[in-house]
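Here's a quick tour of one protein model, pitched for someone new to reading structures. Have a look at the picture first, then work through the notes below.

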Amino acid sequence: MRRMTSPTGARVVESSSQRIDEHLVLFNVAVRAGRVTFPSANCWVLHDGIEAAVIDAGNGDDVSHEARRAFFAALTGMHGLRVRTVALTHHHFDHASGTGRLGALLDAEVAINALDEVLLHTPFDREDLVFAGDPEATAHFRTIAEASYAAQVDRPLLDGDTFRVGGLTVRAVHTPGHTAGHTCYFVEETRLLFTGDNAQGGTSTAIDPPPRGDMQAFIDSLERMRALGATRFAPGHSRGEGGPMIDDPDAKIADLLTRIAARAQQILDLVRRGPTTDEALFRAMYTGVSPSLRGAAFGQVRSHLARLADRGEVTVEVDGNMWRVRA
Ligand SMILES: [Zn+2]
């Protein structure tokens, strides 16, 4: 592995490429800045003959980009591959902020769902707060955010749009919930589904409360993914055991739906004991959660509450920063 450092002291802490099968290669890089590790999402190369497409770019800072440049130089040089499309599953920085530079490097068309194209270019209001107290991480995060806002999109996608990769047909499947325009990519001939963050190896998906996320839309998207009859999932992140692929899509979807139903039931059981708040529910439901996951866990409580309120199963009253909840 080549050691790269940037002026802010950011450096590669992990970089790997892996050939999955005759059509698929995975690249991954994680960069550390200050006290924070910034993992890029899985960067998938789908290829057939000499044509290729990339699903998700990764982070757009110099160090991540340089690692990706070296990977693509080796891959395209070795196999004479021509990457025509960089397609994004959604606008989040770890998937999309590297797109502008990667698209330019490969001279490829950049594609993303039209809703997430707007979100890709919408400044994130808490940039300075995310890594407060860690100036190197904050500076690194800002370069990633700016790369994201500057990324040019060539092709806004709608549900059902397709692109070709050699003899393969890739179909955009709109699967909102994690973001408004989240899109999975289905390879018609091989029945492989690129799932973005909707199904991840070794973990379940965090859904922000509205307006950023939508729990009911996410549930509907999981059903939609199940109905495709994919034989394998290529997830946006592969944490945990069992390798980078998800080999039993039905079991994965069933597991995600079961976890969501269990959380919703847990909230209903607590709320039926008497009036409460989002904060009290969070404390009751996520006792051992690590500090780095508190924000995401609290968001889960609110996204469940918003869905249950929409269904008429609870009543939520917003009181300043607090949500008051009753049955
Ligand atoms: Zn995401």
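Let's start with a small open sheet: three strands in the order E14-E16-E15, paired antiparallel. Its edge strands are E14 (276–277) and E15 (315–319), each of which pairs on one side only. Strands here (E, at least two residues) and helices (H or I, at least four) are DSSP runs numbered from the N terminus, and two strands pair if DSSP finds at least two bridges between them.

Before going on, keep in mind that this is a predicted model, where local features need pLDDT of at least 70 and side-chain atom pairs count only at pLDDT 80 or more, while totals for chains, interfaces and linings use all residues. Residue numbers run from 1 along each chain as its sequence is written.

**More on that sheet**
- E15 and E16 (residues 322–326) pair in the antiparallel sense over five bridges.
- For one of the partnerships, take valine 316: its bridge partner in E16 is valine 325.

**The whole protein**
- The secondary structure adds up to 10 helices and 16 strands.
- The C-alpha trace spans about 65 × 45 × 35 Å along its principal axes.
- A compact globule of 327 residues would have a radius of gyration near 20 Å, and the protein's 20 Å agrees with that. (The radius is taken over C-alpha atoms, and the globule rule is 2.2 Å times the number of residues to the power 0.38.)
- Buried residues make up 44% of the 327 residues. (Buried means 20 or more other C-beta atoms within 10 Å of a residue's own, exposed means 12 or fewer, and partly exposed is in between, with C-beta atoms placed from the backbone.)
- Among contacts between residues at least 6 apart in sequence, 66% join residues at least 24 apart. (A contact means that two C-beta atoms, placed from the backbone, lie within 7 Å.)

**Backbone oddities in loops**
- Aspartate 56 has a positive phi of about 70° although it isn't a glycine. You'll find this aspartate 56 in the loop between strand E5 (51–55) and helix H1 (62–79).
- Is aspartate 56 buried or exposed? It's buried, because 28 other C-beta atoms lie within 10 Å.
- Aspartate 107 isn't a glycine either, yet has a positive phi of about 55°. Its loop runs between helix H3 (99–106) and strand E7 (109–113).
- With 9 C-beta neighbours inside 10 Å, aspartate 107 counts as exposed.
- The peptide bond from proline 210 to proline 211 is cis, with omega near 10°. Proline 211 sits in the loop between strand E12 (192–196) and helix H7 (215–227).
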